[in-house]
Amino acid sequence: MPYETILYDVAESGVATITLNQPDTRNALSNELLGELIDAFEQSRDDENVRCVVLASSHDRIFSSGANLGGFAGEVPLVHKHFGSDRFVKLFRLIGELGKPSLCAAGGHVLAGSLGIALACDLVIAKEGAEFGTPEVNVGAFPFMIMALIYRNVPRKKTNELLLLGERLSAWEACEHGLVNRVVPPEDFDEAVGEWAEKLASKSPLVMKLGKDAMFRQQDMAFADAVEFLHAQLTIALSTEDIVEGVTAFFEKREPVWKGR
């Protein structure tokens, strides 16, 4: 079905691209846009042909300006605001439990709630000139919904600085502090995103799902519990045909042919 606020496309390589496409609002995270994002990620999760998801923006300078502030001051029942913000919770968890790798293509400023969406993705490539920040405190709000994601990606004191001062980081500063994996010049940005997306899509979808699920589940476990859980996951991976195919292809110096079992 066609979307109103995003674009959705699946390439033959298995790369699904979800593009925020409301440049007039600077891709403000309205309830409608968040709902369509959730639907698109669910579609990617359930489509066996999709092996990697890229989240991008059609705006040339802004990935997203964050939550729709008009909704904060709107005269609607509090319960409606609560259910609207619940979309963030659902989206963050959906990306974490996607079972497929996700790549955020930060081609412009990543601000407020959209920083949480970017950090929920497995990898982030930023275009030089993009800025990252949580300016909510400057308008009397606070980045409650994305705080947990920032603390899990960025050292505590730097996170405190972002949350309390509301200032922005450059793409290079964001990379230095762990919000971004890679920064590339504008002329190389699309190529860099495509290169990583193609690499991610080329891996065994079954082993990638096992690995992705383990990454999400173990992150909040105590160390001893995490090791036991990961030991069991390794045994499951060793039982697959894909791990045999991968090792065999390595020794035979050829590309593996994944069977997904």
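Select A106 and A126 to begin: A106 stands opposite A126, a residue of strand β7. What you have on screen is a predicted model, and this pair is a handy doorway into its main features.

**Stop 1: strands β5 and β7**

Now widen the selection to residues 102-106, which make up β5, and residues 123-127, which make up β7. The two strands run parallel, joined by four bridges. Pick out L103 as well; its bridge partner in β7 is L123.

**Stop 2: from β7 across to β10**

Keep β7 on display and add β10, residues 182-184. Which way do these two strands pair, and over how many bridges? They pair in the parallel sense, over three bridges. To see one facing pair here, select I125 and R182: I125 stands opposite R182, which belongs to β10.

**Stop 3: the six-stranded sheet**

Time to show the whole sheet. Six strands form it, and walking across them you meet β1, β2, β3, β5, β7 and β10 in that order. The sheet is open and its pairing is mixed. At its edges are β1 (6-10) and β10, each of which pairs on one side only. On average, neighbouring strands in this sheet are turned by 20 degrees against each other, ignoring direction.

**Stop 4: strand β3**

Select residues 52-57, which are β3. Are the residues of this strand buried or exposed? Six of its six residues are buried, so β3 is mostly covered. Try colouring its two sides separately: C52, V54 and A56 lie on one, V53, L55 and S57 on the other, and all of them are buried. Both faces of β3 are therefore covered.

Next, bring in β2, residues 15-20. Strands β2 and β3 run parallel and are joined by six bridges. One link to look for is between L20 and S57, where S57 is the bridge partner in β3.

**Stop 5: helix α8**

Add residues 189-201, helix α8. Which strands does this helix lie across? It lies across β2, β3, β5, β7 and β10. Compare the direction of α8 with that of β7, and you will find the helix running at about 165 degrees to the strand.

**Stop 6: the four-stranded sheet**

Hide the strands you have seen so far and turn to another open sheet, this one of four strands in the order β4-β6-β8-β9. Its pairing is mixed. The edge strands here are β4 (62-64) and β9 (168-170), and each pairs on one side only. Neighbouring strands of this sheet are turned by 20 degrees against each other on average, direction ignored.

Zoom in on β4 and on β6, residues 109-111. They run parallel, with two bridges joining them. Select S64 and V110 to see a facing pair: S64 stands opposite V110 in β6. Now show residues 113-120, helix α4, which packs on the sheet and touches β4, β6 and β8 (131-133). The direction of α4 makes about 105 degrees with that of β6.

**Stop 7: aromatic pairs**

Show the aromatic side chains next. Across the whole structure, a search finds three aromatic pairs. For one of them, select F88 and F92: the ring centres are 6.0 Å apart and the planes are at 50 degrees, so this pair is tilted. Both residues sit in helix α3 (residues 78-96), and because they are four residues apart, about one helical turn separates them. F88 counts as buried at 7% relative accessibility, and F92 is buried too, at 12%.

Then jump to F250 and F251. These form an edge-to-face pair, with 5.3 Å from centre to centre and 75 degrees between the planes. Are these two buried or exposed? F250 is exposed, with a relative accessible area of 61%, and F251 counts as exposed at 62%.

**Last stop: the whole chain**

Zoom out until everything is in view. The chain has 11 helices and 10 strands. Its radius of gyration is 19 Å, close to the 18 Å that the globule rule gives for 261 residues, so the chain is as compact as a globular protein of that length. Its C-alpha atoms fill a box of roughly 60 × 40 × 35 Å along the principal axes. Of the 261 residues, 42% count as buried. The accessible surface comes to about 13900 Å², and 55% of that belongs to carbon and sulfur atoms.

Note on methods
Residues are numbered from 1 along each chain as its sequence is written. This is a predicted model: local features need pLDDT of at least 70, side-chain atom pairs count only at pLDDT 80 or more; totals for chains, interfaces and linings use all residues. Side-chain values use heavy atoms; hydrogens and water are left out. Two strands pair if DSSP finds at least two bridges between them. Axes are lines fitted to C-alpha atoms, for helices over the stretch in contact, and angles run from 0 to 180 degrees between N-to-C directions. Contact means heavy atoms within 4.5 Å. Rings of Phe, Tyr and Trp (its six-membered ring) pair if their centres lie within 6.5 Å; planes under 30 degrees apart count as stacked, over 60 as edge-to-face and the rest as tilted. Buried means under 20% relative accessible area, exposed over 50%, partly exposed in between (1.4 Å probe, protein chains only). The radius of gyration is taken over C-alpha atoms; the globule rule is 2.2 Å times the number of residues to the power 0.38. Accessible areas come from the Shrake-Rupley method with a 1.4 Å probe; for residues, only the protein chains shown count as cover.
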